[in-house]
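Work through the exercises below with the sequence and the coordinates open. Each task is followed by a solution in steps.

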Amino acid sequence: MTEPTTNSPPGLLARVLVVDDSAFMRTALARMIASESSFEVVATACNGTEALEKIAALDPDVVTLDVEMPQLDGLATLRAIMSRFPRPVIMVSATTEQGAATTFNALSAGAFDYVPKRLSGTSLDIDHIRHDLIARIRAAALTRKSPLRDTKEKKPVHSSRKESRSTVTSISEIIAIGVSTGGPKALQEILPGFPRDLAVPLLIVQHMPEGFSAPFAERLNGVCSITVSEARQHEIIHPGTAYIAPSGTHMRVIRRSSDLQPVIALDTSGRSAQYVPSIDVLMKSVALLYKSRAMGIIMTGMGSDGAEGMKAIHRAGGLTIGQDEATCTVYGMPRVCAEMGILDRIVPLSNIPAQVMQAILRCRQA
């Protein structure tokens with residue numbers, strides 16, 4: 001076996017291994033990845049056993065891994081990688097209910113992220129994934145090349161809001177959560193921390209492809225004391241329930257004209273927007289309806305979706321919380337909010353439920 005080669009040429013961000021049992025997919029994915037000047041495809045593999053051999057020999061920065069493979073499947077291969085050669089692995093999964101379930105298992109087992117491929121009869125619609133694939137490989141490579149996130153050595157980014165606004169506080173009647181890359185794993189960590197009698201509703205936008213939000217909500221509901229469900233049109237929002245925005249659909253909160261009861265409004269307008277569902281769309285509606293009694297939480301993810309929504313909640317006098325860099329898979333969305341000075345608090349992922357419960361307790365005492 002050859003010795004691992006770890007020295008990268010200047011300007012090279014990621015050396016990638018592509019693993020898929022389909023020759024077509026291996027070629028298509030390798031071509032997409034190699035089209036980026038900062039990426040190099042060091043090899044391809046047609047099964048899990050070959051993938052493990054090539055990881056040992058070539059030490060790639062990032063691995064793309066097919067979910068469904070014969071013999072050693074994607075999940076078993078992922079577990080072997082994380083045990084023997086830990087590194088970022090991006091799952092390439094089918095947009096089916098079974099594919100979604102396996103993908104969530106993979107995220108729980110340590111996968112960095114996933115990219116869905118659509119199956120259409122005997123053909124594969126693959127071109128659409130290029131943007132997401134490249135973005136996720138870049139984020140994964142940066143994570144591996146900057147593995148140390150010791151907050152003692154880094155000067156944290158603080159909100160510019162006066163200290164009095166961080167200690168005195170708004171009372172919260174509704175929680176809007178925005179999350180993207182790393183979100184499924186993060187939500188599976190914090191949502192079970194809420195009690196069954198949670199006094200407020202949680203509305204969640206998690207960026208994920210169509211077909212994934214319903215299985216994800218069902219998965220969360222099985223591990224949480226609160227009820228977790230995919231949101232439905234004109235559904236009355238209740239305390240003790242978390243509503244997941246359906247994939248491909250914007251979610252807002254509005255008042256029903258007949259009795260002014262807060263309900264969920266779903267629509268597919270603006271599907272050409274970069275993110276559908278959009279965190280900004282949800283949070284702006286929450287800020288408009290609840291004003292100072294709203295809470296916004298921005299969590300791990302790439303990009304800047306949620307920044308305008310968090311700003312709206314901040315300006316309305318609501319409480320704004322950001323996940324800290326050390327516990328984010330990708331410190332993108334929270335960083336943007338922190339740099340804008342619109343976060344009241346920046347806390348580790350595990351501390352988010354306690355922050356919510358404190359705000360609710362104040363609401364009960366008010």
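**Exercise 1.** What area does the protein chain expose, and what percentage of it do carbon and sulfur atoms supply?

Solution. The model is predicted. Step one: the exposed area of the protein chain is about 15,800 Å². Step two: carbon and sulfur atoms supply 51% of that area. Step three: for the interior, apply the cut-off of under 20% relative accessible area; buried residues then make up 53% of the 366 residues.

**Exercise 2.** Find the order of the seven strands in the open sheet, and its edges.

Solution. Step one: the order is β9-β10-β8-β7-β13-β14-β15, with parallel pairing. Step two: β9 (227-230) and β15 (345-347) pair on one side only, and these are the edge strands. Step three: from one strand to the next, the twist averages 20 degrees. Step four: take the pair β7 (residues 174-179) and β8 (residues 202-206), which is joined by five bridges. Within this pair, Val-179 of β7 stands opposite Gln-206 in β8.

**Exercise 3.** Place helices α8 and α9 against the strands.

Solution. Step one: α8 (residues 213-221) lies across β8, β9 and β10 (241-244), at about 175 degrees to β9. Step two: α9 (residues 279-290) lies across β7, β8 and β13 (294-298), and its angle to β7 is about 165 degrees.

**Exercise 4.** Describe the largest nonpolar core.

Solution. Step one: the core has 59 residues, and Ile-297 and Met-299 are among those with the most contacts inside it. Step two: helix α2 (residues 48-58) gives the most to this core, five residues. Step three: another core, of 30 residues, lies apart from it and includes Ile-279 and Val-286.

Notes:
Residues are numbered from 1 along each chain as its sequence is written. This is a predicted model: local features need pLDDT of at least 70, side-chain atom pairs count only at pLDDT 80 or more; totals for chains, interfaces and linings use all residues. Side-chain values use heavy atoms; hydrogens and water are left out. Buried means under 20% relative accessible area, exposed over 50%, partly exposed in between (1.4 Å probe, protein chains only). Accessible areas come from the Shrake-Rupley method with a 1.4 Å probe; for residues, only the protein chains shown count as cover. A nonpolar core is a set of buried Ala, Val, Leu, Ile, Met, Phe, Trp, Tyr and Cys residues joined through side-chain atoms within 4.5 Å. Helices (H or I, at least four residues) and strands (E, at least two) are DSSP runs, numbered from the N terminus. Two strands pair if DSSP finds at least two bridges between them. Axes are lines fitted to C-alpha atoms, for helices over the stretch in contact, and angles run from 0 to 180 degrees between N-to-C directions. Contact means heavy atoms within 4.5 Å.
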